[in-house]
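Notebook open, structure loaded. I wanted to go through the charged pairs, then the helices, then the sheets.

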Amino acid sequence: MLKDLVLKNRSYRGYDESVPVSRETLMEFVECARLCPSSVNRQPLKYCLVYRKEMVEKVRPLTRWARALQPMELPHPGHWPTAFIVICQDSEIDPNLSRYMKDVGIVAQTMLLAAVEQGLGGCMIGNFTAGEVSQALGLKENYHPLLVVAFGKPQEKIVLTEVPENGDTNYYRDENDVHYVPKRKLEDEVIEV
């Protein structure tokens, strides 16, 4: 069952904008995230829930998507996520903003797996300017955005494929806008000792 969730958990860049993601749903994702392990159990991560339409529209233009597919505009117009969770670090708990990046990855993946379990999907977005996001959301100075996670009802087809002989791992889209993600073979990922 976990492998099924992992297979469905793709970096979606197209959503059905008619399907909102509620505060309650986002709270369920944060409930899963807060139970995750934390380095030295400091638990410095905080979660800004962005689900009201006016706030979602403030965050959307501050995110930059699919750098490998430039100059394609993604998400396509009319296919934006309907919610975000901005993962922040509370510098009053620990001012070292690089120390907990592994924790950020753990909680983001956990929330995305929770989303897939509910028929939703998302995408981790690291390409944003933290100061702009802080200002748009009116965050206190001690809350530092480290990652933006988009959520919504996926509305695109993503296909996993093998990395070609030339080793190119860049994702790409075909003429039908199907998104292909090359993955290395299992035997290529294991180091035998």
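Salt bridges came up first: I found eight of them in the structure, taking a salt bridge as a side-chain nitrogen of Lys or Arg within 4 Å of a carboxyl oxygen of Asp or Glu. Before going on, a note to self: this is a predicted model, where local features need pLDDT of at least 70, side-chain atom pairs count only at pLDDT 80 or more, and totals for chains, interfaces and linings use all residues. Residues are numbered from 1 along each chain as its sequence is written, and side-chain values use heavy atoms, with hydrogens and water left out.

**Charged pairs**

I looked at R34 and E31, whose side chains form a salt bridge at 2.6 Å, N to O. Both sit in helix α2 (residues 23-34), three residues apart, which puts about one helical turn between them. Helices here are DSSP runs of H or I with at least four residues, strands are runs of E with at least two, and both are numbered from the N terminus. An α-helix has 3.6 residues a turn, so residues three or four places apart point the same way. E31 is partly exposed, at 36% relative accessible area; for the record, buried means under 20%, exposed over 50%, and partly exposed in between, with a 1.4 Å probe and protein chains only.

Next I checked R173 and E156, a salt bridge at 2.5 Å, N to O. R173 is in strand β6 (residues 172-173) and E156 in the loop between β4 (143-152) and β5 (158-162), so this pair ties together parts 17 residues apart in sequence. Are these two buried or exposed? Both R173 and E156 turn out to be buried.

E189 and R184 pair up too, at 3.9 Å, N to O. I also noted a network: R42, D94 and R99 are joined by salt bridges that share partners.

**Helices**

In helix α2 I picked out T25, which is buried at 14% relative accessible area. Leaving aside residues up to four places away in sequence, T25 touches Q118 and L120, a contact being heavy atoms within 4.5 Å.

Helix α4 (residues 101-117) has 17 residues and spans 25 Å from first C-alpha to last, close to the 24 Å expected at 1.5 Å a residue; the expected span is 1.5 Å times one less than the number of residues. Its buried residues include D103, V104, V107 and M111. Which elements cover them? Among them are α1 (2-8), α2, β1 (45-50), β2 (83-90), β3 (121-125) and β4. Just after α4, I saw G119 with a positive phi of about 80 degrees.

**Sheets**

One open sheet has four strands in the order β1-β2-β4-β3, with antiparallel pairing; two strands pair if DSSP finds at least two bridges between them. β1 and β3 are the edges with a single partner strand each, so one side of each lacks a neighbour in the sheet. The twist averages 25 degrees from one strand to the next, with axes fitted to C-alpha atoms (for helices, over the stretch in contact) and angles running from 0 to 180 degrees between N-to-C directions.

β2 and β4 pair antiparallel over eight bridges, and F84 stands opposite A150 in β4. α4 lies across β1, β2, β3 and β4, at about 20 degrees to β4. Helix α5 (residues 130-137) packs on this sheet as well, touching β1, β2 and β4, with its direction at about 80 degrees to that of β4.

The other open sheet I looked up has three strands, β5-β7-β6, with mixed pairing. β5 and β6 are its edge strands, each pairing on one side only. β6 pairs antiparallel with β7 (residues 179-183) over two bridges, and Y172 stands opposite Y180 in β7.
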